Structures are given as structure tokens and as C-alpha cells.
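Me: I am new to this structure and would like a close look at one single part of it. Please pick a residue, tell me about its surroundings, and then show me how the rest of the chain is laid out around that story.

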Amino acid sequence: MDLKKTFDNICALPDSIGAIMVTDAGDIVRASGDLREIHEGRHLAHLMKDVAQLVRIVQPEAKTITRVTVSRQSGVSIVATPHQSHVFGVKLAHR
């Protein structure tokens, strides 16, 4: 699946209020909705790197991370997924 189609599919998720695709370095490739600030892209890329390091500490045999979810009590979550040297993030509002 190409990156544009992957991004479009993420934007179409139910309850999505924003989506972002960044490079591993945190540069924004595409953004929509409520996830479009430059610092959000960089934070997302850094989060994935930090989580990967934590996973290697806890579970050294782990090879990849498939998804990271950060939730707030306010009913908003951000789900990040690495794919082809990019990080895809989606901001979800829970009803």
C-alpha cells in the first residue's frame, strides 16, 4: 500500500479529528485536521524512538513496534504507527 493511501485510510477512521504523517526525523509529509503543527510531528517521531528504546529494555527480543497509544482522561487519544520509514499518527475523540 502506498503512503498516500495509508494516510487517506487513517484520515477516514471513525472518530478521527486529525492525522499526520511524518518522517522518522519528524518532518511533516502530510497533515489534516487537528494534527498539523510542526512540533507535533517532531514529538510524535521522538515518542516512537523513545518507546522503541523502552521496549528493547523490557523485551530485548522484540524487533518492531506496531502501535503506540497515548490516551487522556478527556476522551482524546493519539495512536502512532511506524510504516516504511514514516510515522503515522491519528488523533481520536472518544464519545
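Reply: Happy to help! Let me begin with one term: accessible areas here come from the Shrake-Rupley method, with a 1.4 Å probe. By that method, the chain has an accessible surface of about 6200 Å², and carbon and sulfur atoms account for 55% of that surface. Please keep in mind that this is a predicted model.

Before the close look, here is the whole chain. It contains 2 helices and 5 strands, and reading from the N terminus, the order of these elements is α-β-β-α-β-β-β. Along the principal axes, the C-alpha trace spans about 35 × 30 × 25 Å. The radius of gyration of the chain is 13 Å, and this agrees with the value near 12 Å that a compact globule of 95 residues would have. Of those 95 residues, 31% are buried. If you look at contacts between residues at least 6 apart in sequence, 39% of them join residues at least 24 apart. As for charge, the chain carries 12 positive and 10 negative charges, and the mean positions of the two groups are 2 Å apart.

Now to the part I picked: Ser 77. You will find Ser 77 in strand S4, which covers residues 76–83. Is Ser 77 buried or exposed? Its relative accessible area is 5%, so Ser 77 is buried, because buried means under 20%.

What does the side chain of Ser 77 meet there? One polar contact, of 2.9 Å, links it to the side chain of Ser 71. Another polar contact, of 2.7 Å, links it to the side chain of His 94. Both partners also appear in the list of residues that Ser 77 touches, once residues up to four places away in sequence are left out. That list has Thr 69, Val 70 and Ser 71, together with Val 90, Lys 91, Leu 92 and His 94. To place some of these neighbours, note that strand S3 runs over residues 68–71 and strand S5 over residues 86–93.

From Ser 77 we can follow the chain onward. The loop between S4 and S5 holds Gln 84, which is partly exposed at 47% relative accessibility. Gln 84 has a phi near 50°, a positive value in a residue other than glycine. Its backbone oxygen is reached, at 2.7 Å, by the side chain of His 86.

His 86 itself belongs to strand S5 and counts as buried, at 13% relative accessibility. Beyond residues up to four places away in sequence, His 86 touches Leu 3, Met 21, Val 22, Thr 23, Asp 24, Val 29 and Thr 81. Two parts of the chain come in here: helix H1 covers residues 3–11, and strand S1 covers 16–23.

Val 22 gives us a path to the other helix. The C-alpha atoms of Val 22 and Gly 41 are separated by 5.9 Å, although the two are 19 residues apart along the chain. Gly 41 sits in helix H2, and with a relative accessible area of 0% it is buried. Not counting residues up to four places away in sequence, Gly 41 touches Ile 20, Val 22, Gly 26 and Ile 28.

Let me add three more places for your orientation. Thr 6 is part of helix H1 and is buried, with a relative accessible area of 13%. From Thr 6 to Ala 93 there are 87 residues in sequence and 20 Å in space, C-alpha to C-alpha. Next, Asp 15 lies in the loop between H1 and S1 and counts as partly exposed, at 30% relative accessibility. The phi of Asp 15 is near 70°, a positive value in a residue other than glycine. Finally, Ala 62 is in the loop between H2 and S3 and is partly exposed, with a relative accessible area of 22%. Ala 62 and Gln 84 are 22 residues apart along the chain, and 18 Å separates their C-alpha atoms.

To come back to where we started: Ser 77 is a buried residue in strand S4, with side-chain polar contacts to Ser 71 and His 94.

Technical notes: Residues are numbered from 1 along each chain as its sequence is written. This is a predicted model: local features need pLDDT of at least 70, side-chain atom pairs count only at pLDDT 80 or more; totals for chains, interfaces and linings use all residues. Side-chain values use heavy atoms; hydrogens and water are left out. Helices (H or I, at least four residues) and strands (E, at least two) are DSSP runs, numbered from the N terminus. Buried means under 20% relative accessible area, exposed over 50%, partly exposed in between (1.4 Å probe, protein chains only). A polar contact is a pair of N or O atoms within 3.5 Å; within protein, one must be able to donate a hydrogen and the other to accept it, and residues adjacent in sequence count only if both atoms are side-chain atoms. Contact means heavy atoms within 4.5 Å. The radius of gyration is taken over C-alpha atoms; the globule rule is 2.2 Å times the number of residues to the power 0.38. Lys and Arg count as positive and Asp and Glu as negative; His and the chain ends are not counted. The place of a charge is taken as NZ of Lys, CZ of Arg, CG of Asp or CD of Glu.
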